[in-house]
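Got the viewer open? Let's take a short walk and pick out a few things to select along the way.

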Amino acid sequence: MELTKCKLGELITQRREKNDGSNLPICGVSKDGLIPPKQIDADTSIYNVFYRDDFIFNPARMELNSIAINDKYDRAICSSLYEVFFVHRTDLLLPHFLKLIVKQKWFTRYCEFLGQGSAREYCRFNNISEIEIEFPPIEEQQRIVDYYSSIQKRIALKKQINDNLEATAQAIFQEQFASYYGLSELPEGWKLTNLENLCTVKGGKRLPADCELLNTPTNHPYIRVRDVGSSRYVCLTDQFQYIDEETHSAISRYIVNTGDIVISIVGTIGLIGKIHSSLDNANLTENCVKLAGIHTVTSDYLYYTLCYKKQIKEIELLTVGAVQSKLPMYNIQSMKILVPPETVIREFQNRIDTFNGQVEANTIEIQSLNELQQVLLAKLSG
């Protein structure tokens, strides 16, 4: 197959249009795409306008792959700190094929390099324009885009099914147990106890000063706060970073195992997840704690208890600190947990198990589909 090779600047044009006072959606950008619109009380006349299939990026955050295509709005605005460009040679390059190119790790690393090499460590439109890319004919581009899109839709479907199952499970928990937290006296056989009486609460570990996280996979994934909280399971994905063998040996006591529950305690506080088998023996950041050796109750019961406490803002009330909030370990250990009789716990777990099989199957399929996406992107790089 014949490939075309040229600098990106030959195919794209920077858009320099300011808002004319129109009431348009105000969006941000992250590695996951456009950040949904938000309301702000500010003058938006200096904001940049972008259109459907335009690309928006933050010149100061390119190392985080914070570049996104607008596939949601006919017209919207973003911060004046962002830059906007569009593909003007759509006869040669499809915008959504370019989206696949900019999602590749080599592109992110190149942008990071360009940023480091500039005076203010920004990677701007002019820098991106110098990047050389290769691409196939339009028909092949469309075939690849359609295939990638079908994988994305399948992932979104499976995630939505899991989200619905999780919402049902949390509703079951609240229907069965939430009212007991408001009682002045519990029925016989029920009790409230400190969390530390049901498990061991342990912290993660800060990386040694001379250690850097690796993008190249090793046998030792490193769980960060950003890896927790998007679903019940914390699973290994292509977004994970790793540590080398020497670093792992130095912090090998700070690992998690399948079924442990992790809670973020610094930064975005109160993210909760259960460790999936794909992360058994992974290392844990010091910004999270793990609940291990869970007994008397099941890990699912404890997970949904914590989700309920997060929903009613109890975890938020346990945080301390004015400059940088933190959820202290002793506050986690002393958190009051409702412990029903064993028969009630077993009945609840049996109900949850009717969902667990499907959630696990969907989780495994999502992992496989994510891997398939990465294989496709790797082939584009090749």
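Start by selecting residues 55–57, which make up strand 6, and then add strand 7. In this predicted model, the two strands run antiparallel and are joined by three bridges. Want to see one of those pairings? Click on F57: its bridge partner in strand 7 is I67.

Now widen the selection to take in strands 2 and 9 as well. You're looking at an open sheet of four strands, paired antiparallel in the order 2-9-6-7. Strands of a sheet pair through backbone hydrogen bonds, so switch on the backbone atoms here.

Which strands stand at the edges? They are strand 2 (12–15) and strand 7 (67–69); each has a single partner strand, so one side of each is left without a neighbour in the sheet. Turn the view a little and look for the twist, which averages 30° from one strand to the next.

Next, head for the loop between strand 5 (48–51) and strand 6, and pick out D53. Its phi is near 75°, a positive value in a residue that isn't glycine. How accessible is D53? Its relative accessibility is 26%, so D53 counts as partly exposed, since that label covers the range between under 20% (buried) and over 50% (exposed).

For the last stop, jump along the chain to the loop between strand 17 (272–275) and strand 18 (283–284), where you'll find N281. N281 isn't a glycine either, yet it has a positive phi of about 75°. With 38% relative accessibility, N281 counts as partly exposed.

Definitions and conventions:
Residues are numbered from 1 along each chain as its sequence is written. This is a predicted model: local features need pLDDT of at least 70, side-chain atom pairs count only at pLDDT 80 or more; totals for chains, interfaces and linings use all residues. Side-chain values use heavy atoms; hydrogens and water are left out. Two strands pair if DSSP finds at least two bridges between them. Axes are lines fitted to C-alpha atoms, for helices over the stretch in contact, and angles run from 0 to 180 degrees between N-to-C directions. Buried means under 20% relative accessible area, exposed over 50%, partly exposed in between (1.4 Å probe, protein chains only).
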